[in-house]
Amino acid sequence: MKKVINAPQGAPSRVSRLQQIFGMKVVFIPVPEGEKGPKIKGYPDFDIEKMSDPGYLSMLEKGNIAVLVGPNSGNLVSIDFDDAGAFAQFEQLNPEISKTTKSFGARGLNLWLVIDGEYPTSVIKLIRENGEDAGEWRGGRGITIVDGIHPSGCEYRIDATFPIKSISFDEINWPESWEKYPGKVDPFDVLVERYGPPYQEGSNGGRSLN
């Protein structure tokens with residue numbers, strides 16, 4: 001039987017502790033403990049009103065807690081780095097931006113920023129020069145887990161030595177050698193937009209070249 005440890009009377013809730021770090025404009029999403037994906041439907045469209053529902057707040061106290069990134073959370077975004085090497089490349093180009101709140105799972109880290117002005121409000125893959133994944137830009141309609149238990153068994157943790165930095169998207173310097181990052185124009189995408197896809201699939205499974 002799983003042992004349940006109740007918080008001391010008068011101790012701040014998990015949500016209130018996270019609000020002290022991430023702010024009162026942030027929408028948190030419940031995720032089953034030890035998992036990465038929410039089970040609750042429609043969460044990408046939740047807004048701050050959800051955080052005034054006592055039943056919803058109670059649900060958040062059980063299991064993992066994620067941040068809903070992007071416009072619905074006051075333009076709070078995270079940059080997810082798959083490993084220390086990918087972050088080191090970014091940090092070298094962005095030493096001041098990197099002095100912000102960070103969260104950690106089993107490997108790599110998430111860098112937390114509030115973006116002023118326009119920015120990509122979606123989840124975009126970051127791909128290194130060798131074609132390997134570097135992580136993700138999480139600018140909207142996605143989540144980043146910040147509290148609870150990782151599928152590997154370790155606990156998520158937060159380093160709030162530095163407060164969350166507020167910047168414009170244009171201040172971010174991406175490694176030019178990376179194959180993909182937010183704002184980088186892919187020549188293939190340009191060709192597809194201009195001339196259409198390279199081939200079409202027929203109803204019988206055949207393909208015709210463009």
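Helices are DSSP runs of H or I with at least four residues, and strands are runs of E with at least two, both numbered from the N terminus. In this sense Gln19 is found in helix α1. The structure described here is a predicted model.

## The chain as a whole

The chain holds four helices and twelve strands. Of its 210 residues, 39% count as buried. Among contacts with a separation of 6 or more, residues 24 or more positions apart account for 70%.

The mean pLDDT of the chain is 91, and 88% of the residues reach 70 or more. Residues 1–9 have a pLDDT below 50, and beyond near neighbours in sequence this stretch has one contact in the model. Where pLDDT is low, the predicted coordinates should not be read in detail.

## Helix α1

Helix α1 covers residues 14–22. Gln19, which belongs to this helix, has a relative accessibility of 16% and counts as buried because the limit for buried is under 20%. What does Gln19 touch, leaving aside its neighbours within four places in sequence? Gln19 is in contact with Met24, Phe28 and Met51.

Arg14 also lies in helix α1. Arg14 is buried, with a relative accessible area of 15%. The side chain of Arg14 meets that of Asp147 in a salt bridge, at 2.4 Å from N to O. Asp147 lies in strand β8 (residues 143–147), and the pair links distant parts of the chain, 133 residues apart.

## Salt bridges

The structure holds nine salt bridges. The table gives three of them, including the pair of Arg14 and Asp147.

| Salt bridge | N to O distance |
|---|---|
| Arg14 and Asp147 | 2.4 Å |
| Lys125 and Asp133 | 3.7 Å |
| Glu136 and Arg138 | 2.9 Å |

Which residues are linked in a network of salt bridges? They are Asp80, Lys125, Asp133, Glu136 and Arg138. Within this network, Lys125 is partly exposed, with a relative accessible area of 39%. Asp133 counts as partly exposed, at 39% relative accessibility. Glu136, on the other hand, counts as buried at 18% relative accessibility, and Arg138 is buried with a relative accessible area of 14%.

## Asp82, a buried charge without a salt bridge

Asp82 is placed in the loop between β3 (76–81) and α3 (84–93). Asp82 is buried yet has no salt bridge. How far away is the nearest side chain of opposite charge? That side chain is Arg107, 4.7 Å from Asp82. A salt bridge needs a side-chain nitrogen within 4 Å of a carboxyl oxygen, so Arg107, at 4.7 Å, does not form one with Asp82.

Not counting residues up to four places away in sequence, Asp82 touches Arg107, Gly108, Asp133, Ala134 and Gly135. One of these, Asp133, is also part of the salt-bridge network.

## Aromatic rings

A pair of aromatic rings is described by the distance of the centres and the angle of the planes. Nine aromatic pairs are found in the whole structure. One of them joins Phe81 and Phe90: their centres are 5.2 Å apart, the planes stand at 50°, and the pair is tilted. Phe81 is buried, with a relative accessible area of 0%, and Phe90 is buried with a relative accessible area of 0%.

Another pair joins Tyr119 and Trp137, whose ring centres are 6.5 Å apart. Is this pair stacked or edge-to-face? The planes are at 70°, so the pair is edge-to-face. Tyr119 lies in the loop between β5 (109–116) and β6 (123–127) and Trp137 in strand β7 (residues 133–138), so the pair ties together parts that are 18 residues apart in sequence. Tyr119 is buried, with a relative accessible area of 11%, and Trp137 counts as buried at 0% relative accessibility.

Both pairs belong to one aromatic cluster, formed by Phe81, Phe87, Phe90, Tyr119, Trp137, Phe169, Trp174 and Tyr181.

Two further rings have a charged side chain over them. The charged end of Arg157 sits over the ring of Phe104, 4.1 Å from its centre. Lys50 lies over the face of Phe46, at 4.5 Å from the ring centre.

Notes
Residues are numbered from 1 along each chain as its sequence is written. This is a predicted model: local features need pLDDT of at least 70, side-chain atom pairs count only at pLDDT 80 or more; totals for chains, interfaces and linings use all residues. Side-chain values use heavy atoms; hydrogens and water are left out. Rings of Phe, Tyr and Trp (its six-membered ring) pair if their centres lie within 6.5 Å; planes under 30 degrees apart count as stacked, over 60 as edge-to-face and the rest as tilted. Buried means under 20% relative accessible area, exposed over 50%, partly exposed in between (1.4 Å probe, protein chains only). A charge sits over a ring if NZ of Lys or CZ of Arg is within 6 Å of the ring centre and within 35 degrees of the ring normal. pLDDT is the predictor's confidence in each residue, from 0 to 100. Contact means heavy atoms within 4.5 Å. Lys and Arg count as positive and Asp and Glu as negative; His and the chain ends are not counted.
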